Amino acid sequence: MISLPRFCLLTLMVSLSACSSPSVRYHTLVAPVAELPIPVQPAPFLIAVLPVGIPSQIDVPQLVVREGESGARVMDNERWLSPLGDEIRTALSAALMQRLGTQDVVGLAKTEEIPTIRIQLQVRRFDTWPGRAVEFEGGWSLSSQGKRLVCSTRLTQASSPGYTAMLQAQQQIIASLATQIAATARQWSVDDKGHCIP
């Protein structure tokens, strides 16, 4: 027979375990280094990836996924490791440095010897349908020494079911965006009449 103190302790433990919420998981958009390409030739310029603009409806700590055509769900136990704008900026910066073989000098002292291309991104849409696709739409610009080029990008990446596949699709979107920006920046650095490379 269980004594009263032991019974009370057992009841309390069961009650606490029943009330505990699932653990929070944290995610990042920064791809593993092994998955990034090696540049063929280092770019003759530095980059400065500026803070990224994010729509207010997805600028929250939790992952937000779409449901149907107009619904959305905030996933309380699935969260970004840092604010979404920082996640996108860090992931884009890493991908661009790898593709261009150059450095991101945001926050560092300026140098006059090597030109710097400033990269500004404004995200318009970053929608995820779990098990279906990730859709991205945004405007971005390159600016250097009084010159400026404004471009836009729309991307869709298929996604398999599961959180891992969903995050990989989001990372692939950023990788594709970085590939487009890097190719445009290389061309624009030698021809300021250059155009946005799709």
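**Exercise 1. Find the salt bridge between Glu-137 and Arg-154, and place the two residues in the fold.**

Solution. The side chains of Glu-137 and Arg-154 meet in a salt bridge, with 3.8 Å from N to O. The model is a predicted one. A salt bridge requires a side-chain nitrogen of Lys or Arg within 4 Å of a carboxyl oxygen of Asp or Glu, and the value of 3.8 Å satisfies this.

Next, locate the partners. Glu-137 belongs to strand E6 (residues 133–144) and Arg-154 to strand E7 (residues 147–158); the pair links distant parts of the chain, 17 residues apart.

Last, classify their exposure. Buried is under 20% relative accessible area and exposed is over 50%, with partly exposed in between. Glu-137, at 26% relative accessibility, is therefore partly exposed. Arg-154 has a relative accessible area of 65% and is exposed.

**Exercise 2. Determine which parts of the chain the salt bridge of Arg-25 and Glu-78 ties together, and whether each partner is buried or partly exposed.**

Solution. Start with the distance: the side chains of Arg-25 and Glu-78 form a salt bridge at 2.6 Å, N to O. Arg-25 sits in strand E1 (residues 25–27) and Glu-78 in strand E4 (residues 71–80), so the bridge ties together parts 53 residues apart in sequence.

Then compare with the cut-offs. Arg-25 has 40% relative accessibility and counts as partly exposed. Glu-78 is buried, because its relative accessible area is 6% and the limit for buried is under 20%.

**Exercise 3. Give the total number of salt bridges, and describe the Glu-67 pair and the network around Arg-66.**

Solution. The count by the 4 Å rule is seven salt bridges. Among them is the one between Glu-67 and Arg-73, whose closest N and O atoms are 2.6 Å apart. Both partners count as partly exposed: Glu-67 at 39% relative accessibility and Arg-73 at 38%. Arg-66, Arg-125, Asp-127 and Glu-135 are joined in a network of salt bridges.

As background, side chains of opposite charge can pair when their charged atoms come close.

**Exercise 4. Work out the strand order of the sheet that contains E4, and state which element lies across this sheet.**

Solution. Begin with the order. The sheet is open, has three strands in the order E1-E4-E3, and its pairing is mixed. Its edge strands are E1 and E3 (62–67), each of which pairs on one side only. Neighbouring strands in this sheet are turned against each other by 55° on average, direction ignored.

Now take one pairing in detail. E3 and E4 are antiparallel and share six bridges. Val-65 has Arg-73 in E4 as its bridge partner. Arg-73 is also the salt-bridge partner of Glu-67.

Finally, look at the helix. Helix H3 (residues 163–190) lies across E1, E3 and E4 and runs at about 95° to E4.

**Exercise 5. Describe how strand E5 pairs with E2 and with E6.**

Solution. Take E2 and E5 to begin with. Strand E2 (residues 46–49) and strand E5 (residues 116–129) run parallel and are joined by four bridges. Within this pair, Ile-47 stands opposite Ile-117 in E5.

Turn to E6. E5 pairs with E6 in the antiparallel sense, over eleven bridges. Gln-122 has Gly-139 in E6 as its bridge partner. Three residues lie between the strands in the hairpin of E5 and E6, where Gly-131 takes a positive phi near 75°.

Strands of a sheet pair through backbone hydrogen bonds, either parallel or antiparallel.

**Exercise 6. Identify the residues of the nonpolar surface patch that includes Leu-81, and place Leu-81.**

Solution. The patch consists of Val-24, Tyr-26 and Leu-81, which together have about 310 Å² of accessible area. Leu-81 is found in the loop between E4 and helix H2 (84–100). With a relative accessible area of 58%, Leu-81 is exposed, since the cut-off for exposed is over 50%.

**Exercise 7. Summarise the chain as a whole.**

Solution. Count the elements: the chain has three helices and seven strands. From the N terminus on, they run α-β-β-β-β-α-β-β-β-α.

Then consider burial and surface. Of the 198 residues, 39% are buried. The chain exposes about 11600 Å², and carbon and sulfur atoms supply 57% of this area.

For the contacts, consider those with a separation of 6 or more: residues 24 or more positions apart account for 66% of them.

Terms used. Residues numbered from 1 in each chain as written. Predicted model: local features only at pLDDT ≥ 70, side-chain atom pairs only at ≥ 80, totals over all residues. Heavy atoms only, no water. Helix = DSSP H or I, 4+ residues; strand = E, 2+ residues; numbered from the N terminus. Buried < 20%, exposed > 50% of the residue type's maximum accessible area, 1.4 Å probe, protein only. Pairing = 2+ DSSP bridges. Axes fitted to C-alpha atoms, helices over the stretch in contact; angles between N-to-C directions. Contact = heavy atoms within 4.5 Å. Patch = residues over 30% accessible without salt bridge, like charges linked within 9 Å, V, L, I, M, F, W, Y side chains within 5 Å. Areas by Shrake-Rupley, 256 points an atom, 1.4 Å probe, with all protein chains shown as cover.
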